[in-house]
Amino acid sequence: MRIAIVAESFLPLMNGVTHSILRVLEYLQERGDEVLVIAPSTQDAEAPGEVYGAHVHRLPSVPLAGYTNVRVAMGGVSRVKRILADYAPDVVHLASPFVLGWRAAQAAHQLGIPTVAVYQTEVPGYAGRYGVPFLENWAWARVENIHLLASRTLAPSSFALNQLRGRGIPRVEMWRRGVDTRRFSPDKRDAGWRGTVAPAGERIIGYVGRLAVEKQVQDLAALSGVPGTRLVIVGDGPQRQALEEALPDAVFTGFLGGEELARAVASFDLFVHPGEFETFCQTIQEAMASGVPVVATGRGGPLDLVENSRTGWLYEPGDLASLRSRVLDLMGDDAKRRAFAAAAHASVQGRTWSALGAELVRHYQAVLAAGVPRTSRTTRTTRQGAAL
C-alpha cells in the first residue's frame, strides 16, 4: 500500500503520539508498504529525514506558547493538498489530528482519498487545565469536524469510543495500542538502579510521562510521607521546575528512553498515574508488562487497562485521599502487591505491536473498499457561530 501519515507531532519530540507512529512505521516497513510522513518542522539539525524507510516531509512550524518543544505546522489546506496530490497515497492516516490534521482531513476529502483518523489526545479537556475553559467548546467543534470528514475514526479505549459516539461521530471503531513485552519485562528489574534512587532501601512509587499541566503530576503530593517509600518521577516538560518545588522529596530522573526506561519501570514497586485526560495511557501498559501494579485515576484509558483489586486500583478523579489510601494498601502488603504484579504482567501478554499493526492495515483496507464517505452534516460551529 501507499500511505501518507500526517503527524501532529513527530521526532525529535517523543510522546505517546510519536511512539505509536514509530511502531506503525516499523510494521509497515516489514510489510513492504511505501510511507510518507508529513510533520511539523524542527530546529534539531540532526532530526532524521527518513524513519523506518518512510520519507519525512517537514512543514514550516512555530513553537507552541509555553511549551516550546511542541511545534505547530503553519500554512493552509492548499499546501497539504499539493503534497498529497503529488504523493497520491491510497490512504491518509491522521495521527492525533487537530491543527495540521484538520488541514489534511480537508485536503484528503477534496482529493477523494480515504482517511483513517486516530483519536489519541483529548485536546478539549486540556482547556480547563490550562486556564482557558472558554476554548473547550471551540476545541470540541474542531475535533468533531475532523472526525465527521474521516472515512473511519479509531479510538484507543472504550471510554474514548463512547465519548466520540456520544458526540455524534459516525464510523468509530476500536484500535488499542500494542506493547513490547520483550523490552518491558520484569527481567529488567535492577537492584543497582534502585539503590541510586532509593539508597535507604525504600520501596519505589514511580511515575512516567510528560511533566505538563494536563498530566496532573502535582496530585502526587498526596503521597508525601507514605512510610518506607520513595517517589520517582521519570520524564521532562515545562512543569519540571514547579514540580520539583512542589515535590521536594521526589527523585526526578529527567527523560529516559530505550533500555534505560525499561530498567527504571521494571525497578518500580508501584506505578501511579494521576492524569484524567488519557485516551489510552501507554505508560500504564508498559508498567504492567514490567510486572508492576498500578494505581490510576478512574477515567479514560485506565478504565480498560486496570482491573480493580486484581492488577491495581482505580480512584475517583480528584479524590486524592483515595489515591493515597490505594497506595498505602499496596505498599503496606507485600504479598498483595506481588499478586497484583503477577496479574498485571499476565494481563498484557499477547498485545503485540505486530498484532495491532495487522489490525490497523485491515482498517486501511476497509476504508479503501468503502470509498470516501459523504458528510452527513455541515461543518459544525462554536456557540459564537464562528466556522472552523
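**Close-ups of a predicted model**

**View 1. With a relative accessibility of 41%, G49 counts as partly exposed.** That puts G49 in the middle class because 41% falls between the 20% limit for buried and the 50% limit for exposed. Keep in mind, here and in every view below, that this is a predicted model. G49 sits in the loop that runs between strand 2 (34-40) and strand 3 (50-51). Once neighbours within four places in sequence are set aside, G49 is in contact with A54, H55 and V56. G357 makes a handy second landmark: 308 residues separate G49 and G357 in sequence, and their C-alpha atoms are 23 Å apart in space.

**View 2. R103 is a buried arginine with no salt bridge.** This residue belongs to helix 3 (residues 100-111). If you go looking for a partner, the nearest side chain of opposite charge is E8, and E8 is 6.8 Å away. That leaves R103 unpaired because the gap of 6.8 Å is beyond the 4 Å limit for a salt bridge. What R103 does touch, leaving out residues up to four places away in sequence, is the set A73, M74, G75, G76, V77 and V80.

**View 3. E34 and R2 join their side chains in a salt bridge.** The N to O distance comes out at 2.5 Å. The pair links distant parts of the chain, with E34 in strand 2 and R2 in strand 1 (residues 2-7), 32 residues apart. Both ends are partly exposed: E34 has a relative accessibility of 46%, and R2 has a relative accessible area of 25%. For context, the structure holds 18 salt bridges.

**View 4. E144 and R167 form a salt bridge, with 2.5 Å between the closest N and O atoms.** E144 lies in helix 5 (residues 136-149) and R167 in the loop between helix 6 (158-166) and strand 10 (172-174), so this pair ties together parts 23 residues apart in sequence. The acid end, E144, is buried at a relative accessible area of 7%, whereas R167 is partly exposed at 32% relative accessibility.

**View 5. A salt bridge brings together the side chains of R230 and E202, at 3.6 Å from N to O.** R230 is part of strand 12 (residues 229-234) and E202 sits in the loop between helix 7 (191-197) and strand 11 (203-208), so the bridge ties together parts that are 28 residues apart in sequence. R230 counts as partly exposed, with 22% relative accessibility. E202 is buried, its relative accessible area being 15%. Elsewhere, R189, R194 and D269 are linked in a network of salt bridges.

**View 6. The largest cavity holds about 40 Å³ of space.** The count comes to 2 cavities of 30 Å³ or more. Lining the largest one are V17, S20, I21, V24, H93, A95, V118, Q120 and W175. Helix 1 (16-31) and strand 7 (91-95) are the elements that give two or more residues to this lining. Helix 1 gives the most, with 4 residues. By class, the lining has 6 nonpolar residues, 3 polar ones and no charged ones.

**View 7. Helix 10 (residues 282-289) is mostly covered and lines the second largest cavity.** Of its 8 residues, 8 are buried: Q282, T283, I284, Q285, E286, A287, M288 and A289. Just after helix 10 comes G291, with a positive phi near 75°. The cavity has a volume of about 30 Å³, and its lining is made up of V208, L261, V265, F271, T283, E286 and A287. Helix 9 (258-266) and helix 10 each supply at least two of these residues, with the largest share, 3 residues, coming from helix 10. This lining divides into 5 nonpolar, 1 polar and 1 charged residues.

**View 8. The second largest pocket has a volume of about 320 Å³.** It is lined by 13 residues, and E26, D180, R182, W353 and S354 are the closest to its centre. Helix 1 and helix 14 (353-370) each bring at least two residues to the lining. Helix 1 contributes the most here, with 5 residues. Sorted by class, this pocket's lining has 3 nonpolar, 4 polar and 6 charged residues.

Terms used. Residues numbered from 1 in each chain as written. Predicted model: local features only at pLDDT ≥ 70, side-chain atom pairs only at ≥ 80, totals over all residues. Heavy atoms only, no water. Buried < 20%, exposed > 50% of the residue type's maximum accessible area, 1.4 Å probe, protein only. Lys, Arg positive; Asp, Glu negative; His and termini not counted. Contact = heavy atoms within 4.5 Å. 1 Å grid on protein atoms, 1.4 Å probe; cavity = no way out; pocket = protein on both sides within 12 Å on 5 of 7 lines; lining within 4 Å. Points joined across faces, edges and corners; volume = space filled by probe spheres on them. Nonpolar A, V, L, I, M, F, W, Y, C, P; charged D, E, K, R; others polar.
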